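Here are my notes on the model, set out as numbered points for you to read alongside the coordinates. Please check each point against the display as you go.

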Amino acid sequence: MGFIKNFFAKQYTWKPNGHDKTDQWKSVKTGDTVEFAMTMTEGITYTVEAVSQDTMEAKIRRRNPDGSQGEAYNVGLVMLRPIAKAK
């Protein structure tokens, strides 16, 4: 039991990953088509419905393969990668 307690008590230094090192999310606007940076989501796209600079979040809605709209999610802006701009 002491090992587990010591494991969680240890201080770790945060190492930035790819999303922390890029600023591509800064160009995300309402109406854009984006990808969400999660594992196993290749080919799944989302439409940005709202962007909040205050909370650094966006409301995105999944685009189904048949063109219909899927579930909506509130996610952090840094997790988004724009792939097309709204016209």
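**Notes on the predicted model**

1. Asp32 lies in the loop between helix H1 (2–9) and strand S1. Since the model is a predicted one, the contacts and distances in these points are best read as properties of that prediction. With a relative accessible area of 1%, Asp32 falls under the 20% limit and therefore counts as buried. The side chain of Asp32 does have a polar partner, for it reaches the backbone nitrogen of Lys29 at 2.8 Å.

2. Thr33 belongs to strand S1, which covers residues 33–36. Is Thr33 buried or exposed? Thr33 counts as buried because its relative accessibility is 12%, which is under the 20% cut-off. The side chain of Thr33 is joined to the side chain of Arg63 by a polar contact of 2.9 Å, and Arg63 falls within strand S3 (residues 57–63).

3. On the overall layout, the protein contains one helix and five strands, and their order along the sequence follows the pattern α-β-β-β-β-β. Of the 87 residues in the protein, 22% are buried. The accessible surface of the protein comes to about 6600 Å², and carbon and sulfur atoms account for 57% of that surface. When contacts between residues at least 6 apart in sequence are considered, 36% of them join residues at least 24 apart.

4. Strand S1 pairs with strand S2 (residues 45–52) in the antiparallel sense, over two bridges. Within this pairing, Val34 has Tyr46 in S2 as its bridge partner. The loop between S1 and S2 holds Met38, and this residue counts as partly exposed because its relative accessibility is 46%. Met38 can also be placed against a part of the chain well beyond this loop: Met38 and Leu80 are 42 residues apart in sequence, while their C-alpha atoms are 9.5 Å apart in space.

5. How many bridges join S2 to S3? Seven bridges join these two strands, which run antiparallel, and Val48 stands opposite Ile60 in S3. The hairpin of S2 and S3 has four residues between the strands. Met56 is located in the loop between S2 and S3, and it deserves a look in the display, since it has a positive phi of about 60° although it is not a glycine. Met56 is partly exposed, because its relative accessible area is 33%.

6. As general background to the next points, side chains of opposite charge can pair when their charged atoms come close. In this model the count comes to four salt bridges. One of them is formed by the side chains of Glu49 and Lys59, with 3.6 Å from N to O. Glu49 lies in strand S2 and Lys59 in strand S3, so this pair ties together parts that are ten residues apart in sequence. Both residues are in the middle accessibility class: Glu49 is partly exposed because its relative accessible area is 31%, and Lys59 is partly exposed because its relative accessibility is 32%.

7. Glu49 has a further salt-bridge partner in Arg61, with the closest N and O atoms 2.7 Å apart. This pair links distant parts of the chain, for Glu49 is in strand S2 and Arg61 is in strand S3, twelve residues apart. Why does Arg61 count as partly exposed? Its relative accessibility is 22%, and the buried class is reserved for values under 20%. Salt bridges that share partners join Glu49, Lys59 and Arg61 into one network.

8. Another salt bridge is formed by the side chains of Glu71 and Arg62, which meet at 2.7 Å from N to O. Glu71 counts as partly exposed because its relative accessible area is 39%. When inspecting this pair in the display, please keep in mind that the model is predicted.

Note on methods: Residues numbered from 1 in each chain as written. Predicted model: local features only at pLDDT ≥ 70, side-chain atom pairs only at ≥ 80, totals over all residues. Heavy atoms only, no water. Buried < 20%, exposed > 50% of the residue type's maximum accessible area, 1.4 Å probe, protein only. Polar contact = N/O pair within 3.5 Å; in protein donor to acceptor, adjacent residues only side chain to side chain. Contact = heavy atoms within 4.5 Å. Areas by Shrake-Rupley, 256 points an atom, 1.4 Å probe, with all protein chains shown as cover. Pairing = 2+ DSSP bridges.
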